[in-house]
Amino acid sequence: MSYIPPPPDPHAPPVRINLLSDTQTRPTPAMREAMARAEVGDEQTGDDPTTNALQERVAALLGKEAAVFLPSGTMCNVTATLATCRPGDEIIAHRSAHILSREGGAHAALGGFQITPLDGDGGQFSLAAFRAALHPRSRYEPPQTMVSVEQTANIGGGTIWPQQTLDAVAAAGKAVGLATHMDGARLMNAVVATGIAARDMVAGWDSAWIDFSKGLGAPVGAALAGSRAFIDEVWRWKQRLGGSMRQSGVIAAACDYALDHHVERLAEDHAHARALAAGLAQLAGVEVQEPQTNLVFFRPDGAGIPGAELVTRLRAHGVLLAMMDGRIRACTHLDVSAAMIDETLGLVREILRKA
């Protein structure tokens, strides 16, 4: 077992259609130009004007007092828990949440936190399930200090938490003294799909962040927002974890460009996901979860081929997908066109016909 990512298979054909993840997007020429023109300074001394402006913009976008630019969404989650919780504290989240299943145990390893998993369809837990998980404070049980949700719920199928549930869970958590944190990796997908403003969607949540390196198409970066006191503490952990950068304006400029040009176009990704799902659903034996945003989860087993084998065969045709949670996940993004969706469907039909 090696933790080092393996190099690309030199014998595999070039990837022509990349449905692996929206993290696979490449900066557009116009975004690269914006990066090249960025005015920069030393972020660690507060002297990078492009980064400072982006932080102010994200704080206003999410309706919070302050924001901080970080290298990754994982660091947003990790610094948020480290700034809020103490060793031995308990965090409540869905069983499939990124903080529990995709961050290498960072919250336990770095903070000594216990994450209590809740069940629920579509990567979401109910208000009733949340309330049932709460317990009185006593010396016999860990202090419950935070509740976290993931918008959209990735492994749940890119599902959107209903606003009513978000508001109710946040209110119930605050009523018993819990901090409320939203993992907003694909928050802007939810905003575009629902028409609910970002600041309204996260209004009940003490901290929230947006990722620029997924559907928004920037090469790197995320921004975490909250109260000024909270962001002040996050900065301390940002420094400790090596996330405090120098001339970060070069990458902050890409994120600023993404907010200007790549938010409304997320609707195209959603349309492509619906088209892919509709085409797959027409194939006998293929079980498809109807997408709400840009993620399509499906199983081809009923058509006579295991998911992992279908992924392998598609890769031989230059189409890249992923197995996740026992299903195939296809993720649409700005580098995926309608023609690519049609070609992928044609290849799947041909492979299933020969299965």
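Q163 is buried, with a relative accessible area of 18%. The cut-off for buried is under 20%, so Q163 falls inside that class. This residue belongs to a predicted model. The chain has 355 residues, and 54% of them count as buried. Its secondary structure comes to 14 helices and 13 strands.

**Overall shape**

- The C-alpha trace spans about 60 × 55 × 45 Å along its principal axes.
- The radius of gyration is 21 Å. A compact globule of 355 residues would have a value near 20 Å, so the chain agrees with that expectation.
- Many contacts bridge long stretches of sequence: among contacts between residues at least 6 apart, 74% join residues at least 24 apart.

**Q163 and helix α7**

- Q163 lies in helix α7, which covers residues 163-175.
- Beyond its neighbours within four places in sequence, Q163 is in contact with I196, D200 and M201.

**Helix α11**

- Helix α11 runs over residues 249-261, 13 residues in total.
- From first C-alpha to last, α11 reaches 18 Å. That is close to the 18 Å expected at 1.5 Å a residue.
- Which residues of α11 are buried? They are G249, I251, A252, A253, A254, C255, Y257, A258 and L259.
- Two helices are included in what covers these buried residues: α1 (29-37) and α2 (49-62).
- The cover also includes two strands, β2 (66-70) and β7 (207-211).

**A four-stranded sheet**

- Four strands form an open sheet in the order β9-β10-β13-β12. Their pairing is antiparallel.
- The edges are β9 (287-288) and β12 (322-324). Each has a single partner strand, so one side of each is left without a neighbour in the sheet.
- Strand β10 (residues 295-299) pairs with strand β13 (residues 327-331) over four bridges, in the antiparallel sense.
- Within the sheet, L295 stands opposite C331 in β13.

**Helix α12 and A275**

- Helix α12 lies across β9, β10 and β13. It runs at about 15° to β10.
- A275 lies in α12, which spans residues 266-281.
- Is A275 buried or partly exposed? Its relative accessibility is 38%, so A275 counts as partly exposed.
- A275 touches I341 and L345, leaving out residues up to four places away in sequence.
- A275 and A338 are 63 residues apart in sequence. In space they are 8.4 Å apart, C-alpha to C-alpha.

**Cysteines**

- A disulfide is a covalent bond between the sulfur atoms of two cysteines.
- How many disulfides does a search of the whole structure find? The search finds zero.
- C331 is in no disulfide. The nearest cysteine sulfur to that of C331 belongs to C255, 18 Å away.
- Why is C255 without a bond to C76? The sulfur of C76 is the closest cysteine sulfur to that of C255, but it is 11 Å away, too far for a bond. The cut-off is within 2.5 Å.
- C255 has 0% relative accessibility, so this residue of α11 counts as buried.
- C331, in β13, also has 0% relative accessibility and therefore counts as buried.

Notes
Residues are numbered from 1 along each chain as its sequence is written. This is a predicted model: local features need pLDDT of at least 70, side-chain atom pairs count only at pLDDT 80 or more; totals for chains, interfaces and linings use all residues. Side-chain values use heavy atoms; hydrogens and water are left out. The expected span of a helix is 1.5 Å times one less than its number of residues. Buried means under 20% relative accessible area, exposed over 50%, partly exposed in between (1.4 Å probe, protein chains only). Contact means heavy atoms within 4.5 Å. Two strands pair if DSSP finds at least two bridges between them. Axes are lines fitted to C-alpha atoms, for helices over the stretch in contact, and angles run from 0 to 180 degrees between N-to-C directions. The radius of gyration is taken over C-alpha atoms; the globule rule is 2.2 Å times the number of residues to the power 0.38.
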